[in-house]
Amino acid sequence: MDIAVQYCPNPDCSDYGKVGSGNIRIHSRKEKRFFCRTCGKTFAATYGTPLYRRQWDHQIIAWIISLLGNGCPPRAIVVTFGMDPRTVKDLWRSSGRHCQHIHEEKVLKGRLDLGQVQMDEIRQKIQGAILWIAMAIAVPTRLWLGAAVSLHRDKALILRLVEKVKAAARCCRPLLLCFDGLSAYISACRQVFRTPVHTGKPGRPRLVPWPDVHLGQVIKQYARRRVVGVERRIVQGSAAVIAHLLRATQNGGVLNTAFIERLMATFRSRLALLVRRTRHLARKMDWVEEAVYLIGCIYNFCTYHDALRQPLYVVHRRRAVLHWVERTPAMAAGLTDHRWTVLELLSYKVPPAVPFQAGG
């Protein structure tokens, strides 16, 4: 039982949501409970996670979430484990919301050197409407940067996605943004990637564009639903810098959106409602967003990626033996030093946002 990751969940406590403030102590090792020295309240170790107040064994719950996050139909889990379908759905949704909080805490606050980011959208039918899911991926680390879900493929959808990319990016580092022919990407990137400069004068501060942000557009030309040509445009930036970023992030080549398209194929294979020509339709948009974040976090933190493994030569009996060090996208991005298990993902506690209080 690690008290270093625990926080007081009592909103009336002066140490509410504070991690490492020294107010948390162990109350019962058998029952896995802690107590706060400030307010005297006790709480379970699983408070704030999808495992809280679950009657099933935590390892079985982790297996169920792992199966759901890798494309297993919920009906098969109901039949195999003898669970109520409502329990499986509630586990899926609560785990999705939990993974969304982890993504915001780990990825969107990571301030990462992304290098190259590719963005695209998935068009999918839900009950009575068409749903658009916009996603982004950091090419060098294959890190999934998040998704935005909307009923319309418009600038508002793209703005939400680009804001997630900006939140994860480190300022003043060369960044290449690649996208398709949707014109909203250009205006959204130019609008979001700006920083306010405060001069102390009244009024709105002046917004200065980020330096070294380069925009590349890949426009596919279709005829009878087949790609017959590809046009590549440099919308903003230097061709020499873009060529350098392409060599550094994807070992050369040309402007493309191949990496985000492969990622979307992974999501389609792991989420039944994203499979083409399926009868498995979603009823609500928020459920789709929760399911997408569950799969995205399992992909980032719990799944090894073959393209990210590194060679390691070990001398054995005077001979160099080649071994491969497997890595997840989160390991390649420096967000963690090991591959998380699904149980570790579900047990991770994200402290609540504590409002700022000025001292008296």
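**Notebook: salt bridges and a small sheet**

I opened with Glu261, which forms a salt bridge with Lys220, the closest N and O atoms being 2.6 Å apart. I then looked up where the two partners sit: Glu261 belongs to helix α7 (residues 258–270) and Lys220 to strand β10 (residues 213–223). They are 41 residues apart, so I noted this pair as a link between distant parts of the chain. A reminder to myself before going on: this is a predicted model.

Next I wanted the surroundings of that pair. Are Glu261 and Lys220 buried, partly exposed or exposed? Glu261 has 30% relative accessibility and counts as partly exposed. Lys220, at 31%, also counts as partly exposed. Both values lie between the 20% and 50% cut-offs, which is why neither residue is called buried or exposed.

**The other bridges**

How many salt bridges does the rule give? I got a count of 11, and I picked out a few to write down.

Arg233 and Glu231 bring their side chains together in a salt bridge, at 2.9 Å from N to O. I checked the accessibility of each partner here too. Arg233 comes out at 38% relative accessibility, hence partly exposed. Glu231 has a relative accessible area of 30% and is partly exposed as well. While on this topic I also noted a network: Arg93, Arg97 and Glu290 are joined into one by salt bridges that share partners.

Then I turned to Asp15, whose salt bridge partner is Lys18; their closest N and O atoms are 3.7 Å apart. Because buried means under 20% relative accessible area, Asp15 at 15% counts as buried. Lys18 is at 37% and counts as partly exposed. I liked this one for my notes, as it pairs a buried acid with a partly exposed lysine.

**The sheet**

I moved on to an open sheet of 3 strands, and asked myself in what order they form it. The order is β1-β2-β3, and the pairing is antiparallel. β1 (24–28) and β3 (42–44) stand at the edges. Each has a single partner strand, so one side of each is left without a neighbour in the sheet. I also took down the twist, which averages 40 degrees from one strand to the next.

To finish, I followed the contact between β2 and β3. Strand β2 covers residues 33–36, and its antiparallel pairing with β3 runs over 3 bridges. Which residue of β3 does Phe34 stand opposite? I found Phe43 there, so to speak face to face across the strands.

How values were computed. Residues numbered from 1 in each chain as written. Predicted model: local features only at pLDDT ≥ 70, side-chain atom pairs only at ≥ 80, totals over all residues. Heavy atoms only, no water. Pairing = 2+ DSSP bridges. Helix = DSSP H or I, 4+ residues; strand = E, 2+ residues; numbered from the N terminus. Axes fitted to C-alpha atoms, helices over the stretch in contact; angles between N-to-C directions. Salt bridge = Lys/Arg side-chain N within 4 Å of Asp/Glu carboxyl O. Buried < 20%, exposed > 50% of the residue type's maximum accessible area, 1.4 Å probe, protein only.
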